[in-house]
Amino acid sequence: MGRVGIVTGGARGIGAAITSLLAEDGASVVVMGLPPDRERTEALRASLNGAAKRVHFREGNVAHYDVCKGIADEVRAQYGQIDFLVNNAGITADHTIRNMTVEEWQAVLAVNLSGPFFMTKAVLEHMVERNYGRIVNISSVVGHTGNFGQANYASAKAGVMGLTKTVALEVASRGITVNAVAPGFINTDMVAAMPKAAVEAAIQKSPERRLGQPEEVARVVRFLLDESSGYITGAVYDVNGGLYM
Amino acid sequence: MLKGRVAIVTGGTRGIGGAISSLLAKDGAHVAAGYSKGEETARKFKEGLEKGGSSISVHQGRVDDPTDCQRVVQEVIDKFGRVDFLINNAGITIDKTVRKMNADEWHQVLAVNLFGAFHMTKAVLEHMIERGSGRIVNISSVIGETGNIGQANYAASKAGLFGFSKSLALEMAQRGITVNCVAPGFIETEMVAAIPKAALDKVIERIPQRRLGKPDEVARLVRFLIDDDSSYVTGAVYTVNGGLDM
Ligand SMILES: NC(=O)c1ccc[n+]([C@@H]2O[C@H](COP(=O)([O-])OP(=O)(O)OC[C@H]3O[C@@H](n4cnc5c(N)ncnc54)[C@H](O)[C@@H]3O)[C@@H](O)[C@H]2O)c1
């Protein structure tokens, strides 16, 4: 692919699968993440053989605009270009609204919704100048359906769909596409952190009766990032085993 | 690579269907392309692909005739042994406002665009279930999401495909068969060439990217969805429209 881009939270779970697939495909990938992601990126690189040299780590929290801008500028200075951005970093802090604190609300919205906005803003002028760019935001099935105990997460993920479509419209004539991928329940640490009974219930509700694998999401992202996918913009691509239609 | 795989593409000898047939054939599949009329076009299409080394057969039949659907599917299974992919792409338009549209014009469009997908699906489904694997992709349209003046019949048929696909996806979810829709915007084919120039300019004005799509841009999405590795994508609608439906 020979392209350069940033994958936020790209050292673990779905993000790690995205990083691997893109790097194996020839792209240079800057993983942006929190301090523990540095070691995870090292482990990921160790599993990548030849593609390892194309994966690099930058520490930074997507919840802060200045940090996002700083990293985007650094990447641009170092590689000369940013072709793609995958807004994948995400967190959960589950409680029913009755028990959810204002801090839990704000923390999840800050990472999952403001993060993609900040990162997009940080790379957008550069993409407009070059008349080329691919942005993929990782939303969630929960953004369509809502979910018990996830008012903050569901709001953020539904918000990501609105953000995606608006940015897509604003830069449609600039060679930049902006799309969202909405995974169902995927076998990652995020799902492993759910109570066992809740995971079992999610599987029972899913028509294919299984969790998805991170790679099954990554290949949809890879498809949308392709140069030839230029006519796809403002779309939400579901990959959920039939869980929500 | 799709070596050893067999695809049926209805309306597969020109336009979007032609691009799908070409891409799947180039990737190694045997493609059985259906056509209703235009034997000459079909023959030339076949010769063109064969020259490029592809494995392709063309089959005359009407998707609105269940007997034709059964016959063509049987032909393909007899000759090529299996059907891995069904792409329901055949479609027609007969545009009139509802006030002017007669029952026959309504029925014809539904019969090809929606009933056709049902008849073809019925014809391959038991075979796919027996094999425990299959991919069905229905070519819907942005018009199925948005509606369009003068296209009540077309919009209803294409929206109907969403409901059809999702129901079938649910029924097949544990049988290794995925069912999805691709919803293209306005794509440069004969169907769009039939729109008067002034009207087409207006359409392009409304597309955020200010351009028509190309058949290949739709075909590669179909290729993606029929992949073995796309098994977690089912009951989905994947749009490709330059931003038209926002
Ligand atoms: N796992 C699922 O079932 C599922 C389903 C739908 C959507 N998603 C979404 O997919 C994305 C990835 O999920 P996952 O399951 O791989 O999660 P994960 O917890 O395994 O990985 C998330 C990564 O993001 C990083 N991160 C978190 N906060 C950050 C911040 N403020 N700044 C920078 N990096 C940060 C983490 O350090 C981690 O590396 C998330 O956006 C999630 O909401 C996941």
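In this predicted model, Arg219(A), Val220(A) and Phe223(A) of helix α9(A) meet Arg220(B), Leu221(B) and Phe224(B) of helix α9(B). Sorted by class, this contact holds 4 nonpolar and 2 charged residues and no polar ones. Helix α9 of chain A spans residues 214–225, and its axis comes within 12 Å of that of α9(B), crossing at roughly 170°. Because angles over 145 degrees count as roughly antiparallel, α9(A) is roughly antiparallel to α9(B). The crossing of these two helices is right-handed.

**Helix α9(B) and helix α1(B)**

Helix α9(B), residues 215–225, also packs against helix α1(B), residues 15–26; their axes come within 8 Å and cross at roughly 50°. The two helices are therefore oblique to each other, and α1(B) passes α9(B) in a right-handed crossing. On the α1(B) side the contact is made by Gly15(B), Ile16(B), Ala19(B), Ile20(B), Leu23(B) and Leu24(B). On the α9(B) side it is made by Pro215(B), Asp216(B), Val218(B), Ala219(B), Arg220(B), Val222(B) and Arg223(B). By class, the contact of α1(B) with α9(B) comprises 9 nonpolar, 1 polar and 3 charged residues. Arg220(B) thus appears in the contact with α1(B) and in the contact with α9(A).

**Helices α4(A) and α6(A)**

Within chain A, helix α4 (residues 102–130) and helix α6 (residues 151–170) pack at an angle of about 20°, with their axes 8 Å apart. The pair is therefore roughly parallel, and α4(A) passes α6(A) in a right-handed crossing. Residues of α4(A) in this contact include Trp105(A), Leu109(A), Leu113(A), Phe117(A) and Leu124(A). Those contributed by α6(A) include Asn152(A), Tyr153(A), Lys157(A), Val160(A) and Leu163(A). The residues of this contact divide into 13 nonpolar, 5 polar and 2 charged.

**The ligand**

Tyr153(A), one of the α6(A) residues that contact α4(A), is also found at the ligand. Of the 28 residues around the ligand, Asp37(A), Asn61(A), Tyr153(A), Ile186(A) and Thr188(A) come nearest. Polar contacts of the ligand are listed below.

| Residue | Protein atom | Ligand atom | Distance |
|---|---|---|---|
| Tyr153(A) | side-chain N or O | oxygen | 2.5 Å |
| Val62(A) | polar backbone atom | nitrogen | 3.0 Å |
| Gly184(A) | backbone N or O | oxygen | 3.4 Å |

The side chain of Tyr153(A) thus has an N or O atom 2.5 Å from a ligand oxygen, whereas Val62(A) and Gly184(A) approach the ligand through backbone atoms.

Technical notes
Residues are numbered from 1 along each chain as its sequence is written. Chains are lettered from A and ligands numbered from 1 in the order in which they are written. This is a predicted model: local features need pLDDT of at least 70, side-chain atom pairs count only at pLDDT 80 or more; totals for chains, interfaces and linings use all residues. Side-chain values use heavy atoms; hydrogens and water are left out. Axes are lines fitted to C-alpha atoms, for helices over the stretch in contact, and angles run from 0 to 180 degrees between N-to-C directions. Helices (H or I, at least four residues) and strands (E, at least two) are DSSP runs, numbered from the N terminus. Angles under 35 degrees count as roughly parallel, over 145 as roughly antiparallel, 65 to 115 as roughly perpendicular and the rest as oblique. A crossing is left-handed if the near helix is turned anticlockwise from the far one by less than a right angle, and right-handed if clockwise. Contact means heavy atoms within 4.5 Å. Ala, Val, Leu, Ile, Met, Phe, Trp, Tyr, Cys and Pro count as nonpolar, Asp, Glu, Lys and Arg as charged, and the others, Gly among them, as polar. A residue is near a molecule or strand if one of its heavy atoms lies within 4 Å of it. A polar contact is a pair of N or O atoms within 3.5 Å; within protein, one must be able to donate a hydrogen and the other to accept it, and residues adjacent in sequence count only if both atoms are side-chain atoms.
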